[in-house]
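Q: Can we go through this one together? I'd like the overall picture, then some details.

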Amino acid sequence: MMTNKQNDYITSAKRVIDIEARAISNLAQRLDESFVDACEMLYACSGKVVVSGMGKSGHIGNKIAATLASTGTPAFFMHPGEANHGDLGMLSKNDVLLAISNSGETGELVNLLPVVKRLGVKVIAMTNIVSSTLGQYADVVLNISVEQEACSLGLAPTTSTTATLVMGDALSVALLDKKGFTSDDFALSHPGGSLGRKLLLKVSDIMLTGSDIPLIKPTATVAQALLEISQKGLGMTGIVNESGKLTGVFTDGDLRRILDARVDLHEATVSDVMTLGGKTTTADQLAVEALNVMESFKISALMVLDDNDHPVGAFNMHMLLKAGVL
């Protein structure tokens, strides 16, 4: 049972969540033509989206720039203080400036506006006060106003920064959908992450090749097949004919089946008990697609064939797990 002090923590947290949830709900209700105009401006941008903001707005701006960049809209963050001392050279006339200021009167940001306008750079403002200096200079204003901060003192940026971040996410995803940005596109900008590994790795990147591929002739005994399975460690072996083409596979599951039938392991040939054909894949197939095949058919290993049905590789679930695909 929680103490009164613990209950106080929970009560405070719920209050914050409730206030911020209402603010986000109100934000959704205010989406109008200005949001559409902002999306169209960003979509038509032939340069980059330059996001700028000071203090907490700057921290949120960094996140918005990162989200835009990773979802198909080239963007970077420009610190307004540094921009006043030379970094404004980052901005070109083909760019769009996404300026964030809760009050719309942030000095470092407002000081940039005359030069930005002289360069002919379009400005999208995200502010709590539409009639502010920033709002008046901007070509499009996104109203991110909130009724109250979640901070019990009403001072620390909490609800306002959440609303700003959500508006940035809304812009990013709206643009992603408009551009038809795909999971493959996302992976290309995240090659080091788990999603990148899942979407970019091909079967050829993880499969065993050469003498490591478990292979036997149809005339081999079941006992010899078991020895090959044990030595290669994939839980299966392929069976190839005289032309080197795959004719079937023999797996741990096949072994359990023949043991129930009391087949003599030293007398029976693997061609008598193998699974004809079997599920296979190709070296250029994405590893995640091969995983889907394995999960669909409840198998733990696959042979990899070339265009002439010759085995060129093999892999199992453990290798997918090790590669970060699973």
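The chat below goes from the whole chain to one helix and then to two loops.

Q: What kind of model is this?
A: It is a predicted model.

Q: How many helices and strands does the chain have?
A: The chain has 16 helices and 12 strands.

Q: Is the chain spread out or compact?
A: Spread out. Its radius of gyration is 30 Å, and the globule rule gives 20 Å for 326 residues, so the chain is more spread out than a compact globule.

Q: What box do the C-alpha atoms fill?
A: Roughly 90 × 60 × 35 Å, taken along the principal axes.

Q: And how many of the residues are buried, as a percentage?
A: Buried residues are 41% of the 326 in the chain.

Q: What about the exposed surface? What do carbon and sulfur supply?
A: The chain exposes about 16,900 Å², and carbon and sulfur atoms supply 53% of that.

Q: What about charges? How many are positive and how many negative?
A: There are 26 positive and 35 negative charges. Their mean positions are 3 Å apart.

Q: Let's zoom in. Where does Arg-257 lie?
A: Arg-257 is in helix 13, which covers residues 252-260.

Q: Which residues of helix 13 are buried?
A: Asp-254, Leu-255 and Ile-258 are buried there. They span an arc of only 100 degrees around the axis, so they sit on the same side of helix 13.

Q: Why can residues a few places apart point the same way?
A: An α-helix has 3.6 residues a turn, so residues three or four places apart point the same way.

Q: Which residues are on the other side of helix 13?
A: Arg-256 and Asp-260 are on that other side, and both are exposed.

Q: What covers the buried residues of helix 13?
A: The cover includes helix 12, strand 8, helix 14 and strand 9.

Q: Back to Arg-257. Why does it count as partly exposed?
A: Its relative accessibility is 45%. Partly exposed runs between 20% and 50%, so Arg-257 falls in that class.

Q: How far is Arg-257 from Val-273 in space?
A: They are 9.0 Å apart, C-alpha to C-alpha, and 16 residues apart in sequence.

Q: New topic: loops. Where is Lys-298 found?
A: In the loop between helix 15 and strand 11. Its phi is near 55 degrees, a positive value in a residue other than glycine.

Q: Is Lys-298 buried or exposed?
A: Exposed, with a relative accessible area of 75%.

Q: And where is the place of Asp-309?
A: In the loop between strand 11 and strand 12. Asp-309 has a positive phi too, near 65 degrees. Asp-309 is partly exposed, at 40% relative accessible area.

Methods: Residues numbered from 1 in each chain as written. Predicted model: local features only at pLDDT ≥ 70, side-chain atom pairs only at ≥ 80, totals over all residues. Heavy atoms only, no water. Helix = DSSP H or I, 4+ residues; strand = E, 2+ residues; numbered from the N terminus. Rg over C-alpha atoms; globule rule 2.2 N^0.38 Å. Buried < 20%, exposed > 50% of the residue type's maximum accessible area, 1.4 Å probe, protein only. Areas by Shrake-Rupley, 256 points an atom, 1.4 Å probe, with all protein chains shown as cover. Lys, Arg positive; Asp, Glu negative; His and termini not counted. Charge placed at Lys NZ, Arg CZ, Asp CG, Glu CD. Arc of directions from axis to C-beta. Contact = heavy atoms within 4.5 Å.
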